[in-house]
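Q: Please take a close look at the ligand site and what surrounds it. Set the scene with the overall layout, and finish with a few parts elsewhere in the chain.

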Amino acid sequence: MKMARRLLSYSAPYWRWLALAFALIMFTSLVVNFLPVLLQRITDLCLLDSGSPPGERMELLLRLGVLYISMAAAGHLVRYAQAMLTAWIGQKIIYDLRLEVFRKVLRMHQAYFDNTAIGTLMTRVTSDIERLQHFVTEGVVGSIADLFMIFGIMGYMIWFSPALSLSIFATMPLLFALMYFINTRLRNANRDIRDRQSKLNALMQEDLTGMTTIQLFNREASALQDFDTRNTKLRTAYFDEVRWFSLYFPSIEGGQVIAILITLAVGGFAIMKGSDMVTIGKLIAFLAYVRNFFHPLGSLSDKAGSFQIAMASVERVFGLLDKEELINDPAVPESPERIAGTIAFNNVWFAYNENNWVIKDLSFEVEPGQVLAVVGATGAGKSTIINLIGRFYDVQRGSVTIDGIDVRNFGKHDLRGRLGYVFQDPFIFTGTVADNIGLGTPGIGREDMVRAAKTVNAHGFIEAMPKGYDTELNERGEGLSLGQKQLLVMARALAQDPELLFVLDEATASVDTATEMLIQDALAKLMANRTSIVIAHRLSTIRHADRILVMRHGELVDQGTHDELMAHDGYYRQLYELLMHSPDQPSNFQI
Ligand SMILES: Nc1ncnc2c1ncn2[C@@H]1O[C@H](COP(=O)(O)OP(=O)(O)OP(=O)(O)O)[C@@H](O)[C@H]1O
């Protein structure tokens, strides 16, 4: 209930429109339910002999006929307007909520994404929110409209004939229960369909992503087998839904037939007995009410059941909105005009998962403009160092400072705006080459982009593309080689003119020697006069760094220049020799 109230609070900005929708609902219910009264008048006063002269009856018939048509038209037009208005309000609310959810997702810390499947987040932003929309529009507003309709009809029925009404109302609980039963089964079947569909989609997604591996390892038959199993389950769920759905309308119709029979039997008997409680006109009007009664009744029973499903979605969506954001901005952030570029780790301890220390008591300092290379075996904690400087995670003990300011005292946005990243697996956004370099940052014009691209040797291949800087790229950067993608993200990093630079510098066997030279040259230009930390795998980068940190199992085991470390004859020397013999090492950079 608390959740439902919270959801309804999203409709507060639109309360005037909602009030109008309710007024329209009342109007429709009154007008549409008045039509059978006109039928009764037409029958009893005009069609049957009421004792008045035929001329007068004809005139009354015309007047009532015109009134009937006008009221029916007005009622249905207003119903249409109300349906449009309700849908509009619903869409507005959902738009606001979807935006709020995505805003929240953008603010969430990395650890949240580490532990949350992408598919789950997609579901929150799409289908969960869609179900909320059904709840707000069809659920809340629709139930009120149904209730108005039902009570309106019941009111008129009792007014016409309490005795007839009683006999109809007696059958209602049974019918309502039957419809509720069918609706529950329908919803279960529907939930199975969604569940099985998403499992089939997940399998498809995995298979499509790993198609090369499937084909390389001749796994087509088993992939097909897995697909077939899930496909069969989906078919069964669909069939189940059809089975229950086929029962839905026949039961409504059946209920109607029973009610009509009761009305005819009780009403007809009263007329034949000459009772003045029921007239033929009243009986006809009553039959019209009986027909109108079942539709809102059926839809109300459906809504009663979907309430639970909607509540599950509401809970999930609000659960996400209420998730604690672990990386927060300080109350009064520090924001120096320009930083010199001293980065320091002071007795830093860090664990991604509690007590599983990945960085252990790490202390080091990089001076402004220096290039620091971090080396170590895989899993030693090299990338974690970069993550901690950008506050993608916060340290548990100790501190990370830039120019003596704890990174936790910067605003996140300000801090990250000062940092540049060049990753091994370059991410290309859907958009033009220029969009990918500028990233929409204000103040980066076309000349800046071209200058950056020229500096990092990307201009040549960009110009050779069909539309140059306006060439459209897709999210995987199709049509670009790995080396070109790397140069492109270097142009992006340079155009943003970061104050500090982090590079994940893997030696890439898939890049040819000429491109490798371009990348090396671009890297050198990017790092010039900028404090840079390089997770280094290329021997040349390591050798040319001003200082090298040697990491092992999260601890700093040694540091110094290449020559100093080689002289120690320790872990660094072993690592270096391993790298020298690595087949990934670009041959022209080996020593
Ligand atoms: N998001 C994460 N959640 C939990 N543990 C993580 C996460 N990222 C890294 N780790 C763990 O932290 C340790 C250090 O990882 P890190 O990526 O810093 O190593 P690395 O030295 O950069 O390795 P590589 O050279 O293979 O990239 C590893 O044991 C890794 O399994």
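Layout and ligand site

A: The domain assignment splits the protein into domain 1 (1-161 + 310-323), domain 2 (162-277), domain 3 (352-418 + 500-513 + 524-591) and domain 4 (427-497). These bounds come from an automatic or database assignment. Between the centres of domain 1 and domain 3, taken over C-alpha atoms, there are 61 Å.

The model is predicted: local features need pLDDT of at least 70, side-chain atom pairs count only at pLDDT 80 or more, and totals for chains, interfaces and linings use all residues. Numbering starts from 1 along each chain as its sequence is written.

Now the ligand. Around it sit Asp-114, Tyr-352, Asn-353, Val-358, Gly-376, Thr-378, Gly-379, Ala-380, Gly-381, Lys-382, Ser-383 and Thr-384. Being near a molecule requires a C-beta atom, placed from the backbone, within 6 Å of it. By type, the shell holds three nonpolar, seven polar and two charged residues. Nonpolar covers Ala, Val, Leu, Ile, Met, Phe, Trp, Tyr, Cys and Pro; charged covers Asp, Glu, Lys and Arg; the others, Gly among them, are polar. Helix 11 (residues 382-389) gives the largest share of the shell, three residues. Helices (H or I, at least four residues) and strands (E, at least two) are DSSP runs, numbered from the N terminus.

Gly-376 belongs to the shell, and strand 3 covers residues 371-376. That strand runs parallel to strand 11 (residues 547-552), with five bridges between them. Pairing takes at least two DSSP bridges. Val-375 is bridged to Val-550 in strand 11. Strand 11 also pairs with strand 12 (residues 555-560), antiparallel, over five bridges. There, Arg-552 has Glu-555 as its partner in strand 12. Strands 11 and 12 make a hairpin with two residues between them. In the turn, His-553 has a positive phi of about 45°.

Elsewhere, an unreviewed UniProt entry lists "transmembrane region" at 14-39, 60-78, 140-159, 166-182 and 254-272. UniProt positions follow the numbering used here, feature names are shortened, and annotations may be inferred rather than shown by experiment. Residues 60-78 are 100% helix, with end C-alpha atoms 26 Å apart. For residues 140-159, also 100% helix, that separation is 28 Å.

Last, helix 6 (residues 162-169). Leu-164, Ser-165 and Ile-168 are buried there. Buried means 20 or more other C-beta atoms within 10 Å of a residue's own, exposed 12 or fewer, and partly exposed in between, with C-beta atoms placed from the backbone. Because the three cover an arc of only 100° around the axis, they lie on the same side of helix 6. The arc is taken from the directions from the helix axis to the C-beta atoms. Pro-162 and Leu-166 are exposed on the other side.
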